[in-house]
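Open your viewer, switch to a cartoon view and keep the selection box handy. We will go from stop to stop, and at each one I will tell you what to select and what is there.

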Amino acid sequence: MDRYEPYFILVSLAIMALWLFRHLRRQGISPRDVRAVLRTVGRLAIVMAIVYVITLGIAMAVAQLLRM
């Protein structure tokens, strides 16, 4: 499990980035409108960080259980 952990982290970050771009597109926010992008990212960053930490925590707990 240890050798696959970086891949899981990278994939989860990539999925979150894709989700963010999709959300921006659905909201009709142009990448050129920096202020609107930053406002949206600021709102979503907290949610994304919480979800990421919870997911990583669960994955680490499962990895520890599997090592026993």
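Start by selecting Thr40, which lies in helix 2. Keep in mind as you look around that this is a predicted model.

Is Thr40 buried or exposed? Thr40 counts as buried, because its relative accessibility is 10% and the cut-off for buried is under 20%. Now show what surrounds it: leaving aside neighbours within four places in sequence, Thr40 is in contact with His23, Leu24 and Ile29.

Next, widen the selection to residues 34–67, the whole of helix 2. This helix has 34 residues, and from its first C-alpha to its last it reaches 46 Å, close to the 50 Å expected at 1.5 Å a residue. Where is helix 2 kinked? Look along it to Leu44, the centre of a kink of about 35°.

Leu44 is also one of the buried residues of helix 2. Select the others with it: Ala36, Val37, Thr40, Met48, Tyr52 and Ala63. Then add residues 5–26, which form helix 1, and you will see what the buried residues of helix 2 pack against.

Now for the surface. Select Ile46, Ile50, Ile54, Ile58, Val62 and Leu66 and turn on a surface display: together they make a nonpolar patch of about 590 Å². Pick out Ile50, a member of this patch that is found in helix 2. Ile50 has a relative accessible area of 47%, so it is classed as partly exposed, since that label covers values between the 20% and 50% cut-offs.

Two more stops in helix 2 are good places to try the distance tool.

- Thr55, placed in helix 2, is partly exposed, with a relative accessible area of 44%. Draw a line from its C-alpha to that of Arg67, 12 residues apart along the chain, and the separation is 18 Å.
- Met60 lies in helix 2 as well and is partly exposed, at 35% relative accessible area. From the C-alpha of Met60 to that of Arg35, 25 residues apart along the chain, the separation is 36 Å.

To finish, return to Leu44 and view the kink in helix 2 once again.

Conventions: Residues are numbered from 1 along each chain as its sequence is written. This is a predicted model: local features need pLDDT of at least 70, side-chain atom pairs count only at pLDDT 80 or more; totals for chains, interfaces and linings use all residues. Side-chain values use heavy atoms; hydrogens and water are left out. Helices (H or I, at least four residues) and strands (E, at least two) are DSSP runs, numbered from the N terminus. The expected span of a helix is 1.5 Å times one less than its number of residues. The bend at a residue is the angle between axes fitted to the seven residues ending there and the seven starting there. Buried means under 20% relative accessible area, exposed over 50%, partly exposed in between (1.4 Å probe, protein chains only). Contact means heavy atoms within 4.5 Å. Patches are made of residues with over 30% relative accessible area and no salt bridge: like charges are joined within 9 Å, nonpolar side chains (Val, Leu, Ile, Met, Phe, Trp, Tyr) within 5 Å. Accessible areas come from the Shrake-Rupley method with a 1.4 Å probe; for residues, only the protein chains shown count as cover. A salt bridge is a side-chain nitrogen of Lys or Arg within 4 Å of a carboxyl oxygen of Asp or Glu.
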